[in-house]
Amino acid sequence: MDTESTHSGYSYHSSRSGRSNRHGERSRERHKASSSKDSSRSERSVIINPPDTPSQNSPVHNGEPLPGEPSPAAEHGDDAQDDNWGETTTAVTGTSELSLSQEEVVGLGKGTEDRTQSCRRYVPLVLGLCLGLLVLATPLAFLVLPAMMWPDRLQTCGAACEGLFLSISFKLLILLLAVWALFLRPARAGLPRVCVYRALLATLTLLLTMSYWLFYGVRILEAQDEDYHGIVQFAVSLVDSLLFVHYLAVVLLELRHLQPCYSVGVIRSTDGETRHYNMGQLSIQRAALSILEFYYRDFPLHNPALLSASKHRAAKHLAGLKVYNVDGPGSTAGAQPGNGNQSRAMVTAAAKRKDSTHNELYYEEADHERRVRKRRARLVVAVEEAFTHVRRMKKEDERATPSEIMDVREAALAIFPSMARALQKYLRTTRRQHCHSMESIQKHLAFCLVNNMSPKAFLEAYLAPGPTLQYGPERWMADQWTLVSEAAVTSGMKEGTEFLLRCLDFSLAVSVKSIPYIRMTEEYIDPKSHKFTLLLQSETSV
């Protein structure tokens with residue numbers, strides 16, 4: 001199999017181009033001949049050779065060394081590469097019929113992971129549906145099977161028996177609605193482990209149903225019991241037991257964690273944003289799910305651009321520091337006494353520079369606040385003028401014909417350019433320009449115009465960072481959160497529990513503390529103790 005060659009870089013456009021082209025053709029023929037010997041190998045190889053000046057010992061093609069030949073850059077080391085090596089690079093790649101591209105390899109892994117996640121998501125749902133159908137069909141089967149297998153021997157069903165039919169019908173309907181309301185809800189998230197209480201309730205329901213089937217098979221089916229009234233009462237008792245199991249599910253899944261027992265502190269690792277929440281008796285994975293829901297509602301949007309300023313300041317400070325080896329082996333302090341004093345003076349100056357870093361931070365923050373206030377004032381004025389223009393045009397539209405009336409979307413597009421520049425500069429100054437797209441701003445402007453909102457209501461979404469859910473999902477949505485915990489995620493929270501919620505850009509550190517026991521006492525105050533007498537003197541100072 002021939003190896004495909006791709007040569008990129010700067011070429012010589014001179015009178016010698018014809019000769020270099022012929023030379024290049026002969027070089028490619030030699031390259032094909034050498035590559036045909038290694039055609040049995042099906043591996044991908046990439047050779048990157050930086051361009052260098054041609055020499056007599058290394059053949060060149062269009063001013064570049066041929067692959068496989070020694071280049072002068074290799075002899076002189078990495079220092080021989082020019083600054084534009086990324087733009088003048090020759091890459092020779094060999095492919096085979098069995099090779100796969102990087103996108104295909106990533107696609108294979110992603111497809112397998114997606115199938116695994118889909119199975120983990122839908123298998124519990126399918127098992128729950130099967131169990132629910134079994135539970136609902138069992139009482140009906142208890143009533144139908146005797147009438148199908150030995151109808152001639154069954155006793156007649158009286159008024160009491162027919163009343164039980166009505167009772168079991170309404171109980172099954174209530175049970176069906178209760179199961180739909182509690183269990184058949186859209187999943188909020190995919191948890192790493194199975195919920196212990198759900199598994200316990202499913203096991204208890206299955207054992208209860210199987211126990212009733214076992215008793216029904218031994219005492220009714222084998223004996224062919226003729227008392228149909230007793231069979232109906234047996235089915236009613238099963239429905240009553242299932243209703244009690246559902247009541248237990250409501251207590252364990254919905255009511256148990258309502259009473260606050262713990263104070264949970266959540267800290268974002270990048271900027272230290274902190275929130276505290278009260279939670280009840282929950283497992284670690286359920287508590288992590290609740291914390292993520294609170295995070296998207298309460299925490300401001302994570303903005304990596306605000307962190308780059310502090311990093312730049314620290315790098316600038318470290319670059320300004322210099323270290324001098326006064327007593328080093330290469331020092332000539334003994335021969336030149338003045339050099340030692342000069343070095344000590346420079347070290348002292350560097351220390352003073354380190355002490356003055358807080359002044360630089362103070363003036364930098366003051367200048368930033370001044371620029372933010374300036375941009376904010378310009379933005380407020382521009383938005384107020386735009387809204388004033390809209391109100392004036394609205395009054396003119398009342399006297400215009402219906403064909404000349406402008407749509408709300410068109411009005412938003414018409415006044416947006418008058419405030420776009422001021423808004424863009426303000427968002428850049430506050431480093432939030434990536435949080436708002438032009439389409440979202442125009443949509444919010446049209447929403448404010450439709451509902452007749454004030455300019456302040458429009459600007460509230462941009463003057464202060466809002467909660468995470470205020471922005472589009474493409475700005476904040478994390479594909480996956482990882483729960484890191486030393487304890488089992490299915491175990492309940494307790495005093496001192498710590499775990500970590502980690503995504504791609506940052507992590508949330510969670511610490512749990514118990515709410516202390518509060519003891520209150522009563523102190524009785526006699527109403528008569530508040531009575532007093534006011535004595536006024538008849539004489540005055542006049």
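Here are a few short exercises on this predicted model, each with a worked solution.

Residues are numbered from 1 along each chain as its sequence is written, and side-chain values use heavy atoms, with hydrogens and water left out. Since the model is predicted, local features need pLDDT of at least 70, side-chain atom pairs count only at pLDDT 80 or more, and totals for chains, interfaces and linings use all residues.

**Exercise 1. Sketch the overall make-up of the protein.**

- Start with secondary structure: there are 14 helices and 10 strands. These are DSSP runs numbered from the N terminus, with H or I and at least four residues for helices, E and at least two for strands.
- Next, burial: 27% of the 542 residues are buried. Buried means under 20% relative accessible area, exposed over 50%, and partly exposed in between (1.4 Å probe, protein chains only).
- Then contacts, meaning heavy atoms within 4.5 Å. Take those between residues at least 6 apart in sequence: 73% of them join residues at least 24 apart.
- Finish with the surface: about 37,500 Å² is accessible, and carbon and sulfur atoms own 56% of that. The areas come from the Shrake-Rupley method with a 1.4 Å probe; for residues, only the protein chains shown count as cover.

**Exercise 2. Check the length of helix 7 and list its buried residues.**

- Helix 7 covers residues 284-298, which is 15 residues.
- The expected span is 1.5 Å times one less than the number of residues, so helix 7 should span 21 Å.
- Its end C-alpha atoms sit 20 Å apart, which agrees.
- The buried ones are I284, Q285, A287, A288, L289, S290, I291, L292, Y295 and Y296.

**Exercise 3. Place the positive-phi residues Q224 and R431.**

- Q224 isn't glycine, yet its phi is positive, near 50°. You'll find Q224 in the loop between helix 5 (196-221) and helix 6 (228-255), and it is partly exposed at 27% relative accessible area.
- R431, also not a glycine, has a positive phi near 60°. Its loop runs between helix 11 (408-429) and helix 12 (438-450). R431 is partly exposed, with a relative accessible area of 27%.

**Exercise 4. Take apart the nonpolar surface patch.**

- Its members are Y122, L125, V126, L129, W180, F183 and L184, making about 680 Å².
- Which helix gives the most to the patch? Helix 3 (residues 102-149) does, with 4 residues.
- L125 is found in helix 3. At 42% relative accessibility, L125 counts as partly exposed.

Conventions. Patches are made of residues with over 30% relative accessible area and no salt bridge: like charges are joined within 9 Å, nonpolar side chains (Val, Leu, Ile, Met, Phe, Trp, Tyr) within 5 Å. A salt bridge is a side-chain nitrogen of Lys or Arg within 4 Å of a carboxyl oxygen of Asp or Glu.
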